[in-house]
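User: I should like a close look at a single part of this protein, explained step by step for a first-year student. Please take the sheet and describe what surrounds it.

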Amino acid sequence: MRAIQIKEYVKGPQELTVSNLPDPEPSPSQYLVAIHAAATNFFDLLQIRGKYQHQPPFPWISGSEFAGVVRSTPSGNSSPLYKAGDRVFGALQGAYATHICVEEDRLRPIPPGWTFLDAAGLMITAPTSYAALVTRAGVKEGDYVLIHAAAGGVGLAAVQIAKYFGAKVIATAGSARKLDVAKSFGADHGIDYNQKGWEDKVKRLTPRGRGVDIVFDPVGMVNTSLKCTAWNGRILIIGFAAGDIEKVAMNKVLLKNVSLVGLHWGRFLVEEPQVTEQIWSGLFKLMQEGKFKGTAYTDKDFVGLASVPEALGMLGRRDSWGKVVITVPQDGQSKL
Ligand SMILES: NC(=O)c1ccc[n+]([C@@H]2O[C@H](COP(=O)([O-])OP(=O)(O)OC[C@H]3O[C@@H](n4cnc5c(N)ncnc54)[C@H](OP(=O)(O)O)[C@@H]3O)[C@@H](O)[C@H]2O)c1
């Protein structure tokens with residue numbers, strides 16, 4: 001198979017290269033999946049530099065999200081959920097490759113009508129945003145929801161989910177292009193959060209200027225968001241894309257009855273597997289109803305594993321929106 005193998009840490013994605021490796025051998029509990037598309041994540045950039053919380057022992061294959069076709073089922077499982085030829089998506093270390101060996105609980109079926117490109121980026125962002133807004137914050141009709149970095153991976157998923165549940169969505173992002181993208185996915189309003197006074201603009205969009213009921217924050221903007229959060233508001237702590245872990249002015253949290261609500265999607269599988277299933281069935285319902293569409297970045301095509309450095313570079317520079325996904329040609333299609 002071909003893969004982006006890491007034998008030592010690199011300074012940046014431009015140093016990544018594609019290698020020819022032996023085909024992987026699935027264990028009795030693993031499927032062999034031929035990867036047709038792989039999605040990028042910001043943590044890939046940290047991991048290749050040795051700066052992520054999870055660093056596999058060398059050598060390892062980069063990438064963590066994929067979509068593809070089942071080549072073989074687990075030899076030790078007499079009633080596998082998927083059969084050879086089924087289209088699946090999943091999340092596991094080793095996605096920048098033409099093949100991957102993977103356990104059943106890391107896979108989900110590609111919804112009818114979905115492309116590999118759109119399905120490859122589903123496994124992490126969509127359930128994160130659903131778990132946050134629905135399971136943790138109880139979003140409901142009429143809520144005003146402020147979604148930061150709304151054109152990012154979790155952001156575009158959050159916009160669609162909040163709209164489905166009848167909320168008014170105020171999107172923030174760092175450019176006019178990104179605000180247009182957020183609106184094209186359903187956001188009611190768009191505000192550039194790089195401009196001074198954005199909090200006042202948010203307040204003015206809410207009834208009597210009371211502020212928003214829910215803040216969805218993947219950036220690290222709790223302190224500023226408290227200025228435009230309503231009484232009894234909830235602030236969802238999703239991530240720290242801006243880099244810093246904030247120290248929050250707790251007096252403001254107290255004065256407005258605000259709840260700070262954490263969300264760690266990766267641990268749901270371990271702590272509450274039954275809730276994980278509820279979240280996925282909720283999401284598949286949205287997809288069946290045509291209310292949740294793929295968020296793959298479409299301004300540029302990335303074809304072949306050799307385009308991973310360029311794709312990761314764009315992600316790192318904030319030049320992209322949604323999920324940046326690479327098409328992975330199989331043998332006979334291309335050697336890229
Ligand atoms: N809690 C969980 O379980 C969970 C699950 C998935 C992801 N996350 C976290 O959520 C965050 C967002 O993930 P994502 O997949 O949506 O990422 P993404 O697609 O890369 O989007 C992140 C967005 O953050 C904004 N941003 C603001 N300051 C930034 C900076 N200094 N550097 C880079 N981006 C910056 C950018 O939008 P603008 O250019 O518009 O400012 C960018 O588009 C990450 O921190 C990720 O680790 C958490």
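Analyst: Strand S13, residues 212–217, and strand S14, residues 229–237, run parallel and are joined by five bridges. This pair is a suitable place to begin, and it should be said at once that the model is a predicted one. Within the pair, Ile-214 has Arg-234 of S14 opposite it. In general, the strands of a sheet pair through backbone hydrogen bonds, and the pairing may be parallel or antiparallel.

The wider sheet can now be described. S13 and S14 belong to an open sheet of six strands, whose order is S12-S11-S10-S13-S14-S15 and whose pairing is parallel. At its edges are strand S12 (189–192) and strand S15 (259–262), each of which pairs on one side only. From one strand to the next, the twist averages 20°.

Helices accompany these strands. Helix H4, residues 153–164, packs on the sheet and touches strand S10 (144–147), strand S11 (168–173) and S13. The direction of H4 makes about 170° with that of S10. Helix H5, residues 176–184, lies across S11 and S12, and runs at about 155° to S11.

Helix H4 also leads to the ligand. Together with helix H1 (42–48), helix H3 (122–136) and helix H9 (265–271), H4 supplies at least two residues of the shell around the ligand, as each of these helices does. In total, 28 residues surround the ligand, and the closest are Gly-152, Gly-153, Gly-174, Gly-239 and Trp-265. By character, the residues of this shell divide into 16 nonpolar, ten polar and two charged.

The setting within the chain completes the picture. The protein chain is divided into domain 1 (2–121 + 296–327) and domain 2 (125–266). The shell around the ligand draws at least three residues from each of these two domains. The C-alpha centres of domain 1 and domain 2 lie 29 Å apart, and six residues of domain 1 are in contact with eight residues of domain 2. On the side of domain 1 that touches domain 2, the residues comprise two nonpolar, two polar and two charged.

Finally, one residue of helix H9 may be examined, namely Leu-269. Leu-269 counts as partly exposed because 14 other C-beta atoms lie within 10 Å. Between Leu-269 and Gly-113 there is a separation of 156 residues in sequence, and their C-alpha atoms are 27 Å apart in space.

Technical notes
Residues are numbered from 1 along each chain as its sequence is written. This is a predicted model: local features need pLDDT of at least 70, side-chain atom pairs count only at pLDDT 80 or more; totals for chains, interfaces and linings use all residues. Two strands pair if DSSP finds at least two bridges between them. Helices (H or I, at least four residues) and strands (E, at least two) are DSSP runs, numbered from the N terminus. Axes are lines fitted to C-alpha atoms, for helices over the stretch in contact, and angles run from 0 to 180 degrees between N-to-C directions. Two residues are in contact if their C-beta atoms, placed from the backbone, lie within 7 Å. A residue is near a molecule or strand if its C-beta atom, placed from the backbone, lies within 6 Å of it. Ala, Val, Leu, Ile, Met, Phe, Trp, Tyr, Cys and Pro count as nonpolar, Asp, Glu, Lys and Arg as charged, and the others, Gly among them, as polar. Domain bounds come from an automatic or database domain assignment. A residue is buried if 20 or more other C-beta atoms lie within 10 Å of its own, exposed if 12 or fewer, and partly exposed in between; C-beta atoms are placed from the backbone.
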